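Visitor: I'd like to learn how to read a structure like this one. Could you walk me through it?

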Amino acid sequence: MSYEESVAAHYGRDNIEDQLLAAVRDAGKDPDHFSPADLHGADQLHMGGPAATARVAARAGISAGRRVLDIGSGMGGVARHLAHEFGATVHGVDLTPELVATARSITRRTGLEGSVTFSQGSAVALPFEDSSFDTALMIHVGMNLREKDRVFAEAARVLRPGGVLAVYDIMLLGGDIETYPLPWAETAETSFVQPPLAYTDALEAAGFDVDLEAKTVEEGIAFLEQAVAGDAPVGLDGQAVPNLMAAFRAGILAPVEIYAHRRA
Ligand SMILES: C[S@@+](CC[C@H](N)C(=O)[O-])C[C@H]1O[C@@H](n2cnc3c(N)ncnc32)[C@H](O)[C@@H]1O
């Protein structure tokens, strides 16, 4: 199995859509016609959920009519949020076939298929023409990316000059990760967590200028405490949750946002 196949196997559970539709029914809504907001973030697999998505979108300058690429779009919750709340046109690309199928189905059920589309593929070879997007997002994906330099080169290619790339990942602040599983990997084999400096160096080399870097460890800890109490996105469960909390508290890992724009 290639490492990308192992990553897709990690995320590709069978009953993801059923779990999301159960959350819609629990909210008292019709599973065939509902608003993206009715999922209350069950479809957004990153620290801070929809509140973090809204912050990243605002910092990345996303507004009505923007063409946005969501790299590693998962269940599609971020893409639908950006279309529904910000009026953007969003295309998501993701490695895991089960997640792409779920993202498409949920998007159809929310009536957003005119502005939110998905394709299955890898971030290292984006299936788009040069300069196709105004903005690209990559949220909690880099922990699984061995070749970040290739991914950032691809992001630079598909963004127009001046286009913004927002990266929001869990990054390495100090020390070594000793305890697995973590939410993105069962073992060190598929975990490629790196320090912010490795990201900013790779971004500069790929043709970006870095504008802003921000850590949000308190939000991450609060989000994991909520998950332990039973309020978690689909896929954030098991021993990975306390393991990640311990790594946040020890200062080994932290959620970090980096914003950069493509040099003209
Ligand atoms: C933790 S989830 C985050 C999903 C989404 N960004 C969100 O915030 O809800 C990580 C996602 O990255 C995807 N992924 C991992 N490696 C990838 C790659 N090389 N290319 C595209 N997607 C990838 C996984 O399939 C998974 O859907």
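Guide: Here is a short tour, from empty space to covered helix to ring pairs.

Guide: This is a predicted model, where local features need pLDDT of at least 70, side-chain atom pairs count only at pLDDT 80 or more, and totals for chains, interfaces and linings use all residues. Residues are numbered from 1 along each chain as its sequence is written, and side-chain values use heavy atoms, with hydrogens and water left out.

Visitor: How many cavities of 30 Å³ or more does the structure hold?

Guide: Rolling a probe the size of a water molecule over the atoms shows where empty space is left. On a 1 Å grid over the protein atoms alone, a cavity is a set of points where a 1.4 Å probe fits but cannot get out, and a pocket is an open set with protein on both sides within 12 Å along at least five of seven lines; lining residues have an atom within 4 Å of a point. Points join across faces, edges and corners, and the volume is the space filled by probe spheres set on them. Here there is one such cavity, with a volume of about 690 Å³.

Visitor: Which residues are closest to the centre of the largest cavity?

Guide: Of the 44 lining residues, those are Tyr11, Leu45, Gly72, Asp94 and His140. Helix H1 gives the most to this lining, with five residues. Helices (H or I, at least four residues) and strands (E, at least two) are DSSP runs, numbered from the N terminus. The lining divides into 24 nonpolar, 15 polar and five charged residues; Ala, Val, Leu, Ile, Met, Phe, Trp, Tyr, Cys and Pro count as nonpolar, Asp, Glu, Lys and Arg as charged, and the others, Gly among them, as polar.

Visitor: Is His140 buried or exposed?

Guide: Buried means under 20% relative accessible area, exposed over 50%, and partly exposed in between (1.4 Å probe, protein chains only). His140 is buried, at 9%, and sits in the loop between strand E4 (133-139) and helix H6. Contact means heavy atoms within 4.5 Å; beyond neighbours within four places in sequence, His140 is in contact with Leu45, His46, Met47, Tyr168, Asp169 and Ile170.

Visitor: And the largest pocket, how much space lies in it?

Guide: About 150 Å³. Its lining has 13 residues, and Ala232, Pro233, Gly235, Leu236 and Asp237 are the closest to its centre. Helices H2 (16-26) and H8 (217-228) each supply at least two lining residues.

Visitor: How many residues of helix H4 are buried?

Guide: Seven of the 10 residues in H4 (residues 77-86) are buried, so the helix is mostly covered. The cover includes helix H3 (49-59), helix H5 (97-109) and strand E1 (67-71). Just after H4, Gly87 takes a positive phi of about 75 degrees.

Visitor: How many aromatic pairs are there?

Guide: Rings of Phe, Tyr and Trp (its six-membered ring) pair if their centres lie within 6.5 Å; planes under 30 degrees apart count as stacked, over 60 as edge-to-face and the rest as tilted. By that rule there are three pairs. Tyr3 and Phe192 have ring centres 5.2 Å apart and planes at 70 degrees, so they are edge-to-face. This pair links parts of the chain 189 residues apart. Phe152 and Tyr199 have centres 6.2 Å apart and planes at 50 degrees, so that pair is tilted. Phe152 is buried at 1%, and Tyr199 is buried at 0%.
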